[in-house]
2 protein chains.
Amino acid sequence: MSKASSTAADFPFKAITGGVTAPRGFRAGAIACGIKDPKKVRLDLALIVSDKKAKTTACFTTNRVKAAPVRVSAIHVKGGDARAIIANSGNANACTGPQGITDAKSMTRAVAEQLGLKMNQVLVNSTGIIGMPMPMDRIIPRSADLVAALSEKGSNKAAMAIMTSDTKAKSYAIEVKCHGHKFRVGGIAKGAGMICPNMATMLAFITTDATVDGSELKRATQAAVEQSFNRITIDGDTSTNDTVIVMSNGASGMPVIKSKAPCTEVFRAALRRVMVELAKMIVRDGERVTRFVEIRVKGARNYKDAKAVAEAVAKSTLVKCSWHGGDPNWGRVMHAVGYASARIREELVDIYFGGLCAAKGGLPTGIPVKELETVTTKPAFTVTVDLNLGEAEYNVYTTDLSKEYVDFNSSEYSAAVHSKRQTGLA
Amino acid sequence: MSKASSTAADFPFKAITGGVTAPRGFRAGAIACGIKDPKKVRLDLALIVSDKKAKTTACFTTNRVKAAPVRVSAIHVKGGDARAIIANSGNANACTGPQGITDAKSMTRAVAEQLGLKMNQVLVNSTGIIGMPMPMDRIIPRSADLVAALSEKGSNKAAMAIMTSDTKAKSYAIEVKCHGHKFRVGGIAKGAGMICPNMATMLAFITTDATVDGSELKRATQAAVEQSFNRITIDGDTSTNDTVIVMSNGASGMPVIKSKAPCTEVFRAALRRVMVELAKMIVRDGERVTRFVEIRVKGARNYKDAKAVAEAVAKSTLVKCSWHGGDPNWGRVMHAVGYASARIREELVDIYFGGLCAAKGGLPTGIPVKELETVTTKPAFTVTVDLNLGEAEYNVYTTDLSKEYVDFNSSEYSAAVHSKRQTGLA
């Protein structure tokens, strides 16, 4: 990570407002259809549109159980020229069988008709309850209203409409200078932390007015996702609906960015920067999270080992509990390092909380617990594990595990959803 | 599992009392040395001895960070004729470097001298706090007292002396008839659920007065461990100290059990039975556990896939939270099935709570939530996942995840251990 962020920090950019509508030539908007909430007071249907031709690519969940919208979007995105994204919250359209596919397609068709696009130029996303039919009678008749809601300042409404258990809308955008040109990259996202009662769903929609060649856009997106959204974990659960979509429309008028163009590296860094910021926002806003922790593993023999160790530490229930208590418990970190599928030598492992070395060569350094606690009782800190076996590094952004998380994911179910399932509301 | 237990249920046995001293020719005992507790009111040092020559085998943790007693016992057990097990609670002797090895060896030497054995006929186990030096001055001078405490009825004291966060001593024994002979198998164990503040440690010591050939004992033990202790998970964390030891002394006078002897299958079933019962006791007594859940996966293409699916479901934080709330949340089960490293087809997956089918072919069956809740609000129930792709099966015993678990593993640390680490008590 240190390498990744230092590169990302080295290019000239400034943070700007506007999310997905910060780049030129994009509009966004949202309406309240009553999917989330029968009183229609909460936005739950969002639309993002490029007014110009666009190149579009996407990454989807690796879960073998895939929601219908993921299946439909995965086919539509193959054309490479999608120009619209429709996304709803309140219903995940997952485990809904052939009817779910039909419904997801209908959503793309309705938007395509309104905008004069082909169906496969529209990508579709859903997040919310699993295993319930989509309330299509509340969605399709509102297509014209949804398109009418589009605006060059509509990003925040779209970000709000995709929220489920998120407590904050997540948005980030930057303006970048490169060889005399300016381009912008902006994005919105919604939370990880599997949502009551069933589904997580990490959704991120990124736009750019840079002019990017289709295959470079794909490469840059895969690389940026690997360094951002693939490095966050709250509860170790991978949703059926996770999707990242990147749309590039060239409205900046700059020369095409392709494999080895002058601005390629800067574009990649910019895209990574936006994704890393959105990914961190997702972690910070995880369900009932009280601490944000970055795990840095270094000195691994190879990338795979570094990743395995970082993920084992980040996913250990016991390690996460210790963070919740502000406990600088290097023993639990050590035991998670030990069961990771990686080559390690116990007598070489160093563990740091922030800048303080708690264990050196597998043994306690004797630094007082009270001193280590000055790091681990903070709302955000870094845990570094140096395996001292090689040069490979990896980092993960994660959280503590709180009583409130358990409470939220066990008891709230009855209040929030039970009634829905029984009344057939959603 | 159904196969395994039906075999185990088919052989003639009766449950008896006596734990590790139920088989003839074994004695056990325990004393309070002040390792756990400076007032010496709690038993914390146990000894189990075979009065006759014995064949002994063991399985140890796969964690690459191994406690000193694990390293020492792994060498001593190679001789195959160990006759004594010394085990302490209160200190894990893990992450203690070369001094830890010296201390573990000293414990075996002290016992060997008292009993007239060779050092490598003594195996050593520790469970408790990690990263603290062993209080050898409280252990070694008590060797004679420890040996004096041995008795043919001492199993329960030994079981109590290895407890850490366990709320109950765990003991099980059976008497088995086979071809006109009777033999006994008995065991004691201590809890999984990583113990405040640092270490779990699943310890199980099994004795039998059957006469078992050394290599058969090894094979039978590995098979039984795979079907019992390797199928339990409370928090998904593997300790640095996990150990299972099996000692056979032939005191029953029956013919030798070897690869294809008349009683081999019965002995294997008996050993498995004892281990499965002890494994279930460990799960039921997991830290702050409120539900005992068996995950049965069937219809997998192969054993590896069946295992991967069962473990993914058993380890999912969200699934475990739903059980805590008594929620028959098949959607969360489905999503965990989807991210397991296994071949699955969503449209073929059936999910059952007890005997009730919640999802068929990946879709909800429409059975009312209230009906499913009659299963999932019980203290113990089974979740069956049928992948409908093949014949392979696997089962795991697991638990819910409670707020109290998180509380116990985050805040109690300060009360229970913090003081120890600062005062250097342990």
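Start by selecting B:Phe60 and B:Thr243: B:Thr243, in strand 11 of chain B, is the bridge partner of B:Phe60. You are looking at a predicted model, in which local features need pLDDT of at least 70, side-chain atom pairs count only at pLDDT 80 or more, and totals for chains, interfaces and linings use all residues. To find your way, residues are numbered from 1 along each chain as its sequence is written, while chains are lettered from A and ligands numbered from 1 in the order in which they are written.

**Stop 1: the sheet around strand 4 of chain B**

Widen the selection to strand 4 and strand 11 (residues 243-248) of chain B, which run antiparallel and are joined by 6 bridges. Here strands (E, at least two residues) and helices (H or I, at least four) are DSSP runs, numbered from the N terminus, and two strands pair if DSSP finds at least two bridges between them.

Now show the whole sheet. It is open, with 6 strands in the order 1-7-8-9-11-4 and mixed pairing. Strand 1 (13-16) and strand 4 (55-60) of chain B are at the edges with a single partner strand each, so one side of each has no neighbour in the sheet. On average, neighbouring strands of this sheet are turned by 15° against each other, direction ignored.

**Stop 2: two helices across that sheet**

Select helix 7 (residues 214-226) of chain B, which lies across strand 4 and strand 11 of chain B and runs at about 30° to strand 4. Angles like this run from 0 to 180 degrees between N-to-C directions, with axes fitted to C-alpha atoms, for helices over the stretch in contact.

Next comes helix 8 (residues 264-284) of chain B. Which strands does helix 8 of chain B lie across? They are strand 1, strand 7 (170-178), strand 8 (181-190) and strand 9 (203-208) of chain B, and the helix runs at about 160° to strand 7. Helix 8 of chain B is mostly covered, with 17 of its 21 residues buried. A residue counts as buried if 20 or more other C-beta atoms lie within 10 Å of its own, exposed if 12 or fewer, and partly exposed in between, with C-beta atoms placed from the backbone.

**Stop 3: two hairpins in chain B**

Move on to strand 13 (residues 350-353) and strand 14 (residues 356-360) of chain B, an antiparallel pair joined by 3 bridges. Pick B:Tyr352 and you will find its bridge partner, B:Cys357, in strand 14. This hairpin has 2 residues between the strands, and B:Gly354 takes a positive phi near 55°.

Strand 14 of chain B also pairs in the antiparallel sense with strand 15 (residues 363-364) of chain B, over 2 bridges. B:Lys360 stands opposite B:Leu363. In this hairpin, with 2 residues between the strands, B:Gly361 takes a positive phi near 60°.

**Stop 4: a sheet in chain A**

Switch to chain A and show its open sheet of 7 strands, with the order 10-17-12-16-13-14-15 and mixed pairing. Strand 10 (232-233) and strand 15 (363-364) of chain A are the edge strands, each pairing on one side only. Strand 13 (residues 350-353) and strand 16 (residues 380-386) of chain A run antiparallel and are joined by 4 bridges; select A:Tyr352 to see it opposite A:Thr384.

**Stop 5: the nonpolar core**

Select B:Val337. Leaving aside neighbours within four places in sequence, its contacts include A:Val65, B:Val309 and B:Val385. Contact here means that the C-beta atoms, placed from the backbone, lie within 7 Å. The largest nonpolar core has 276 residues, and those with the most contacts inside it include A:Val337 and B:Val337. Such a core is a set of buried Ala, Val, Leu, Ile, Met, Phe, Trp, Tyr and Cys residues joined through C-beta atoms within 7 Å.

**Stop 6: two positive phi values in chain A**

Finish with A:Lys40, in the loop between strand 2 (26-31) and strand 3 (45-50) of chain A. Its phi is near 60°, a positive value in a residue other than glycine. Is A:Lys40 buried or partly exposed? A:Lys40 is partly exposed, with 14 other C-beta atoms within 10 Å.

Then select A:Asn93, in the loop between strand 5 (84-91) and helix 3 (97-115) of chain A. A:Asn93 also has a positive phi, near 45°, and is buried, with 33 other C-beta atoms within 10 Å.
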